[in-house]
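Q: Got a minute to walk me through this one? I'd like to start with the folds and then look at the interface.
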Amino acid sequence: MPYLAVNNLTKNFPGGNGNGAQCIFKNISLEMQKGEFISIIGHSGCGKSTLLNIVAGLDTPSEGRVELDGKVITGPGLDRMVVFQNFALMPWMTVFENIRVAVTAAHKDWSVKKVDDWVQKYINMVGLTYAENKKPAALSGGMRQRVGLARAFSVEPKMLLLDEPFAQIDALTRGTIQEELVRMWNETGSTVFMVTHDVDEAILLSDRILLMSAGPEAQIAESVEVAIPRPRSRSTIIEQSSYYVIRNHIIRFLVERAHKEVTV
Amino acid sequence: MAALVKQKNSLLLSMVILAVFLMLWHLLTIGGTGQGLPGPVPVLKTAMEFIRHPFYDNGPNDKGIGILTLYSMGRLVFGFGSGVVVAIIFGVVLGLNRTIFRAVNPYIQILKSISPIAWMPLLLYSVKNSGITALLVVFMASLWPTLANTSFGVANIKKDYMHVSSILQLNWFSRLFKVVLPAAGPTIIAGMRISMGSAWVAIVPAEALLGSLGLGYFVWNEWNNLSLTSVIFAIILIGIVGVIIDFGLNKIAERIAFVD
């Protein structure tokens, strides 16, 4: 039985100019095993973030349903932590407080000491010990997303939902944080669903990459296995011959086929 | 360094403006040219007399200026305090519920533009007590700006923050005190400053018309005594107290502000 099951999901947005509803994506189904890392890649506007929001419970599907660990998803919850593209940290809280609010919410019966120790552990894990009392505004984009990751991992969710988490981070920092994410994923054995439009990022991190055709009525056109052994790193992965095969395949899809693909 | 010099220049310019104003005032009122309006020197003399004994108490209608100021400020604290608390509670409810907000907003806009003094006859008729009426006028004056700002601030909280609080399944208490109020805090405080301003503005005519002890009462009383020096002194005092109160609120605003 799959850990996450997305069944025949359809999302319609109300039409802007009286043309009736517009279909963003139609009949999307996918399955994830526990501990799997899956990325979904596609052009802007194909509805991949909407799909992620539906899994998160922040948006509702027009048709179909999502099940996690045998339970139908009806709304947002602590078992599905989202890492947002624009970090979504509370700007009036320090780094420490931003993570503590999540840990307190997840463990209402814990003592203050236990919560604080737990928060500290995750702050140390992302290397932000020296900045724990700073407000997000005083941090760079990369550091802010480290806080976002620490907050998500700290509640040990069943699933992590990453919504283009590195899109607003400069290329050099991005690589470092991607490797930190892999390390945390290895340590915690989390199940991760990531939305991205960065092909290299998807190959580096994922077990499987889903290719989404362009909307309206977007579909998951293909599922690409990334059979590159782990641990992977940015420097060694490019020596793998299969790396380029996968990369070329995905890019060819995005350039040539994404807009024409019609699967019924 | 440059900033410090600029700050010094501003202070200097401020002083020059004051000096020019006082000079013009003096010249225009000297030797009866100002239709009997007092100049700065007699006003200062009167002021010194009042300030020398600020807290004397010679019965119900003859009290020191310090006592009168405290009366007005006390009225402000209670009227403004209760008005703002009510405004924030309703503002949060309206801000979180778009349907109610849309339904009620036109009325708020209408009520907001009514001078609190206009309510006075109605209030006085209803409660039949001038002290309570004065308090209610201050309450009314404080209510609308904070209510409008709170509902606007809460309704416009970034979606991300609300998403995070629903993912974290925060209970209403945490949601309110850890997310909603801090996120809307700067807008709420801005509303409170406007409320404070309009309450302080309303207090003077309310006290004058109702004969409730305070600075407004003092102004009207001195006008009836035809003591213009006292009236001018009271005007200046009202302005200074207003600035001091606003300064206090500004300090709170600085603490609550956040950089996004």
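A: Sure. One term up front: two residues are in contact if their C-beta atoms, placed from the backbone, lie within 7 Å. And keep in mind this is a predicted model.

Q: Ok, so of the contacts in chain B between residues at least 6 apart in sequence, what share joins residues at least 24 apart?
A: That comes to 69%.

Q: And what's the secondary structure of chain B?
A: Chain B has 10 helices and 0 strands. Its C-alpha trace spans about 75 × 60 × 30 Å along the principal axes, and 35% of its 260 residues count as buried.

Q: Switching to chain A, what's the strand order in the open sheet?
A: The order is β2-β1-β4-β5 in chain A, 4 strands with antiparallel pairing. β2 (22-32) and β5 (71-72) of chain A stand at the edges with a single partner strand each, so one side of each has no neighbour in the sheet.

Q: How many bridges join β1(A) to β2(A)?
A: There are 7, and the two strands run antiparallel. As an example, Val6(A) has Leu30(A) in β2(A) as its bridge partner.

Q: Which helix packs on that sheet?
A: Helix α1 (residues 48-56) of chain A, touching β1, β2 and β4 (63-68) of chain A. Its direction makes about 120 degrees with that of β1(A).

Q: Now the interface: how many residues does each chain put into the contact?
A: Chain A gives 18 residues and chain B gives 15. On the side of chain A that touches chain B, the largest share is 3 residues, from α2(A). By class, that side has 15 nonpolar, 2 polar and 1 charged residues.

Technical notes: Residues numbered from 1 in each chain as written. Chains lettered and ligands numbered in written order. Predicted model: local features only at pLDDT ≥ 70, side-chain atom pairs only at ≥ 80, totals over all residues. Buried ≥ 20, exposed ≤ 12 C-beta atoms within 10 Å, placed from the backbone. Nonpolar A, V, L, I, M, F, W, Y, C, P; charged D, E, K, R; others polar. Pairing = 2+ DSSP bridges. Axes fitted to C-alpha atoms, helices over the stretch in contact; angles between N-to-C directions.
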